[in-house]
Amino acid sequence: MSDETTTKPSSNGAGQRVVIVGAGMAGVQTAVALREQGWTGEIVLLGAEPHQPYDRPPLSKAVLLGKAEGSTLDVDYAGLGIGLRLGVQVTGLRPDKRLVETATGQLPYDVLVIATGAEPIPLPGGEGEPGVHLLRTLDDAERLRPVLARQREIAVVGAGWIGAEFATAAREAGCAVTVVEAADRPLAGALPAEVAAPMAAWYEDYGARLVTGARVASVDESGLLLGDGTRLRAGAVVVGIGARPATDWLAGSGVELAEDRSVVADDRLRTSAPDVYAVGDCASFPSARYGTRLLVHHWDNALQGPRTVAANVVGSRTAAHFPGVVYDPVPYFWSEQFGRFVQYAGHHSEADELVWRGDPAGAAWSVCWLREGALVALLAVGRPRDLAQGRKLIERGARLDRTRAEDPSVPLKSAVL
């Protein structure tokens, strides 16, 4: 990783330019945080889309259902002296020359922040097919809104977080919904079988059909053909099989990428290139808390990481021996699906001990993961107090009494040893 702890001090970046590639939540919040923390130099924010920067979570809910026209972020770019450039396609990076390459020319930088987020994984054979949709951008949501309004039959490929949220919105719009999942349960990549299995009933309870253990053989404008020969007819197919870091533009730049294509950042969110940082969905970072490298594709990471980047950019230029600010958050996300509010904090592994709080057949329950007695992760369904208390306990590394922790009538904070 690059070492910027001995950079010669300057007056908070005066005469220098920070270029931020990506105008999603992470990029915008980095620009805002730089100003809040005293950066006086130039800030250029590049966005690939023509739209004003917007928040993504409402796309799978309010925007889809016509309850909102968009989710534009409330930021006064001109007032903050942020140069917002929209519709800019970034094509490459030359760290040796400190140049960002775009479709319309080169842009020099003194500091670069990579915040290009993630892109949805397409369904093989579905690219370019009429009636096959992804859901990642505002344009995607606007294309899908009239589909839902016409109450078409919808096939959703993938029973992950996005698939469940879209299925919920489609049912609320009055559509007939079938969700196809290759694994034997929903959320197979995120949760262990015993935790995810009870969630399968949520689909039927909400009037959606869930088909598990089913692979898609082909897709066309009339629907899906499954591997066992079953034909699922649908007026539209929505693909939600995951996302991957949007880092193809870094090919040949020398910036280190991990096997999952994320930018390899250190614990201060610096990359392998000098004065280049990475933040949000495109970046992985080492967590001392969990003893592994994390790639977090969730809103809270895009909100918290920019503060660390800004502190390190400003600090490295105002102090002769700046140690840097370490980024090691407790990951957090939420999902609204099938009339339930689901929250998760922390990070668990298969080896961690699982403790139930409440009956998963009920409306409200939680699951705790303990590592050597310490709370490391928590999933809360309709129990926001568990989540709020649990998140603080994870940050503290608190150890829990197992018997008290599994009693849902006992506040989590009262289960601490």
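**Salt bridges and cores**

Trainee: Which side chain meets Glu49 in a salt bridge?
Mentor: This is a predicted model, so local features need pLDDT of at least 70 and side-chain atom pairs pLDDT 80 or more, while totals for chains, interfaces and linings use all residues. Numbering runs from 1 along each chain as its sequence is written, and side-chain values use heavy atoms, leaving out hydrogens and water. A salt bridge puts a side-chain nitrogen of Lys or Arg within 4 Å of a carboxyl oxygen of Asp or Glu. At 3.7 Å, N to O, the partner of Glu49 is Arg56.

Trainee: Is Arg56 buried or exposed?
Mentor: Buried means under 20% relative accessible area and exposed over 50%, with partly exposed in between (1.4 Å probe, protein chains only). Arg56 has 31%, so the word for Arg56 is partly exposed.

Trainee: How many residues apart are Glu119 and Arg244?
Mentor: Their side chains meet in a salt bridge at 3.7 Å, N to O. Glu119 sits in strand S8 and Arg244 in strand S17 (strands are DSSP runs of E, at least two residues, numbered from the N terminus). The pair links distant parts of the chain, and the separation is 125 residues.

Trainee: Are Asp266 and Arg270 buried or exposed?
Mentor: These two form a salt bridge, with their closest N and O atoms 2.8 Å apart. Asp266 and Arg270 are both buried.

Trainee: How many residues does the largest nonpolar core have?
Mentor: Such a core joins buried Ala, Val, Leu, Ile, Met, Phe, Trp, Tyr and Cys residues through side-chain atoms within 4.5 Å. Among those with the most contacts inside the largest one are Ile20, Phe166 and Trp369, and its size is 98 residues.

Definitions and conventions. Helix = DSSP H or I, 4+ residues; strand = E, 2+ residues; numbered from the N terminus.
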